[in-house]
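Student: Could you show me how to read salt bridges in a protein model? I'm new to this one.

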Amino acid sequence: MSATSAPSAPAETAATETDFLAADAGQKPPGPTPSQSRFQVDIVTEAAGATDDKSPNSDASSGVPSSDKGPQESQGADPGASGEESKGRFRVVNFADPSAAGCAASPDASPADGLQNGDTVMSETSLHSSTGGQHHYHYDTHTNTYYLRTFGHNTIDAVPNIDFYRQTAAPLGEKLIRPTLSELHDELDKEPFEDGFANGDELTPAEEAAAKEAAESKGVVKFGWIKGVLVRCMLNIWGVMLFIRMSWIVGQAGIGLACLIVAMATAVTTITGLSTSAIATNGFVRGGGAYYLISRSLGPEFGGSIGLIFAFANAVAVAMYVVGFAETVVELLQGADALMMDEINDIRIIGTITVILLLGISVAGMEWEAKAQIFLLFVLITAIINYFIGSFIPVKAKESVGFFGYDSAIMWENMGPNFREETFFSVFSIFFPAATGILAGANISGDLADPQLAIPRGTLLAILITGIVYLGVAVSTGSCIVREASGNVNDTLSSQFMLNCTDAACKFGYDFSSCRTENVNCRHGLLNDFQVMSMVSGFGPIISAGIFSATLSSALASLVSAPKVFQALCKDNIYPGLTMFAKGYGKNNEPLRGYILTFFIALAFILIAQLNIIAPIISNFFLASYALINFSVFHASLANSPGWRPSFKYYNMWVSLAGAVLCCVVMFVINWWAALLTNVIVLGLYIYVSYKKPDVNWGSSTQALTYHQALTHTLHLSGVEDHIKNFRPQCLVMTGYPTSRPALLDLVHSFTKNVGLMICGHIRTGYRRPNFKDLTTEQSRYQRWLLKNETKSFYTPVFAEDMRQGTQYLLQAAGLGRLKPNTLVLGFKNDWRDGDMMNVETYISMIHDAFDFQFGAVILRLKEGLDVSHIQGQDELLSSQEKSSLMKDVIVSIDTSKDSDADSSKQSSKATSLQNSPAIQKDDEDDGKATTQPLLKKDKRSPTVPLNVSDQRLLEASQQFQKKQGKGTVDVWWLFDDGGLTLLIPYLLTNKKRWKDCKIRVFIGGKINRIDHDRRAMATLLSKFRIDFSDITVLGDVNTKPKKEHVLAFEEMIEPYRLKEDDMEQEAAERLKNSEPWRITDNELELYRAKTNRQIRLNELLKEHSSTAALIVISLPLARKGTVSSALYMAWLEALSKELPPILLVRGNHQSVLTFYS
């Protein structure tokens, strides 16, 4: 760790400078800095008395954590005991004889055994995680005798323990941190804690908040499954429908279809209940109910969209239930002729008073709310029992209004449907809202003592009990009450009409046929009287109390659910503007702000006092949540993720899918326009959240399925032979750090984006002891950078002895199955004459290796160069979002560059040789600084050094492919047939938006006497390939000798690299050639004179024809391996491509990549 992340508590230093680290004892500001390590270490110190003992035999293992020592001891720390070690290098020491002077070792400590247990030094350190002041203690294995008894010796290698698997210091218990692999495996002089969060253990803001909440949650009220789930669900499901609409549904649909309606609604809720149980038992459930279950299963996009509408639906449901209550009160007032104003305004006044009282109960705390719920449930159950008792007591006075007691004739008459202005589905849509409310328990998941047990048990039992009661009421009302009754006591039968009467009422001496035949206003019976259950019951007012209880309990449950769900949504910061509602108050973390928001939403809808339009939208919002919960289970099962293992086993992925489809069907049955509106809102919110890409990772089933599909398709692809029509350039691009060569990255990305694979290769050389952990960190860091810059590419770094070995590793191992590169892309080595010629040998060998592996080769040359990594301030190329998140990586990367041993090349990272180094920059000590240091300097507000002219040009040139190319040309010099890659790349390029205004011009070699013939032949070929071109030029003068001054310039260029074997003895010449294989022999120079002249001549023609092109694409000349020296080949490439616009030298692997067959 760097000095910036020294322990916040003063640490006591050890006696010997060589053995122990002296930590910076200065007080640091509270709270972690971005660079803080996962551990802040209070160093292990010797026991009392050992401070003065300089003997190497003192037993460090007997020390106690320094955080436990008194302040006066800490002040006695020796400030001089810090050397370079005080920078925070953690040195691990070996343990010797515990019986040495000053030792206070426990009897369990293992005896000295030479250099035994060097890793035990960590065992007693008190470790503080950087989770905002939380104390997570390292598992103390040294004083724990369990280890000695079990394994016969002490070790810091910990046995399995539940506390290692906690995400935060959750309510379940204390989080422990197991020893990392590095602590157990690395050499003893390594820094055990240098990398911060190693295995993705860094906490998200939401988890930090949960940790904080957990820390404050002492004395919190938690509910069991009965009080928390069963009571709530039963109250919410038994709504007003039970008393006011159930009898009417039986009158319309008949007993048979009424039971079917109840069964269908119960089937939907049961499947959803099973799915909810499966998700709720697949890991620890926090607050947020339906939102938490969906978001953690399907990801933030679905969770965020459903969470918002679910919270809103609950808020509006409060208004719906309160208005239902107010209407009943107003009816009673009307009956007593005691209206305050008029009907609508009375509903508003009573509704407003009611919702204020409910808000008071909710804000008073969950315990009060739970007590109110139990009282309301008692009233409700009493009302239901009261009805059933009344149905068994026939009263003569009630016969005229249609109640005759249980009778088979009435039951048989009411068995079939008798729809009046209704249909089966319209009746179903009126009943279905009565079955919702099954998530009332899950919505307060954060207030349950054991959500994994409570949610399945309470929800499913509530669905069973309420379903049975609904069916019981349907059969009961249909068996003892006739459909229509006049209420007139005089509607009795005379004996002469007895024979003509067929109604069930005739049996009891009543004739209600006038209700059907004449325009008589019959106000009684199942079809006409909504209060028929009140009439049947033993004591009518208890039914009214039941109606009040059902409405108020549902309103209260919704008033609690909405803020809880909304608070969980805001805590996850999916909608950045809503974070103010995440704050909780009191020991129960009550969302008071959410309560007030819910109150105002409910109040607004209560003032409308007409909820006939709002009610179906609410039902649809609930159904959308149910559909997604069911779909979550199907999706998670389909993804086959090892993390999906619910302890609730009674679910089936196909049943869940059927449940999701059923929910969607029911949505459209209830109200098609409300269903459409719901789908549009969910889709809109989904697109918004997808676009915003919240920085969360919950391990959703969407990720799991994406992986599963990618793996399946990759394997499937591997079993299919390649076809020319499906050829794609899959490029291994030697960029080094992706930020180092922007022009190379941008150009290749232009023709591979959405077409082929692109891998950014980075070979890191010059390490005596490679730091592989560092490599992994950088890999994820630069991959993140590529994603944020919308570059569709993979960053693949490797450690290697030299560039060639690294390239061979990548050529062999990069990619997967069919997703393997087939083209190597390099930057041109502009500085090849300045540095060591062995670098040129390596560079040319990389091209030879590519051809050996049957790869195509592409070389990009810009006359200004490609590598911008040496320019201070080049981090402007980083996206602004990445800068902040990179800061913590920056410090790590500079800190660990100490391990680099490439001292010999330190000076090379300055502007000369590294500026255009061969495709990958050398990883020396300055190398890490090249890309990252400007970030630090910028943050320290240091003045930026003005760029010199060449650097300014280089920076401008490096960004030229990021801009839209104007109406220029892409000149294709297709001199040799390489299978068509030289033609395919420009075609793909000009298909892209940035390049679409550029026209392709084709140049080919030919004979002067056949120019027209060659042009027509090429035009025919291009038209068969369906490639548009603006012009074809046949060069009849390719074989003309180049100008003399250009030949002389070439010879002058290669002069220093010639072997000149004719001027020395053969043996000396051979020795020199062996030690410097790149040297050009006189023999090869003579042998390839014609080829040399052709490169010089082509350069003259390029300047003549293509000096204004936006890009030149030309066939890359080939050199026979082992015959042409690397210096001569490099000189050919130099002579061919110098002083030209951006030029791409391309050579395919001579297998066709274009075809004109369909």
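**Reading the salt bridges**

Tutor: Let's begin with one residue: glutamate 1076 is partly exposed, at 24% relative accessibility. Here buried means under 20% relative accessible area, exposed over 50%, and partly exposed in between (1.4 Å probe, protein chains only). Bear in mind that this is a predicted model, where local features need pLDDT of at least 70, side-chain atom pairs count only at pLDDT 80 or more, and totals for chains, interfaces and linings use all residues. Residues are numbered from 1 along each chain as its sequence is written, and side-chain values use heavy atoms, with hydrogens and water left out.

Student: What does the side chain of glutamate 1076 meet in a salt bridge?

Tutor: The general idea is that side chains of opposite charge can pair when their charged atoms come close. The rule asks for a side-chain nitrogen of Lys or Arg within 4 Å of a carboxyl oxygen of Asp or Glu. Glutamate 1076 pairs with arginine 1079, at 2.5 Å from N to O, and arginine 1079 is buried at 14%.

Student: How many salt bridges does the rule give?

Tutor: The count is 23. One of them joins arginine 861 and glutamate 1134, at 3.2 Å.

Student: Where in the chain do arginine 861 and glutamate 1134 sit?

Tutor: In distant parts, 273 residues apart: arginine 861 in strand E7 (residues 856–861) and glutamate 1134 in helix H36 (residues 1126–1137). Helices (H or I, at least four residues) and strands (E, at least two) are DSSP runs, numbered from the N terminus.

Student: Is arginine 861 buried or exposed?

Tutor: Buried, at 9%, and glutamate 1134 is buried too, at 5%.
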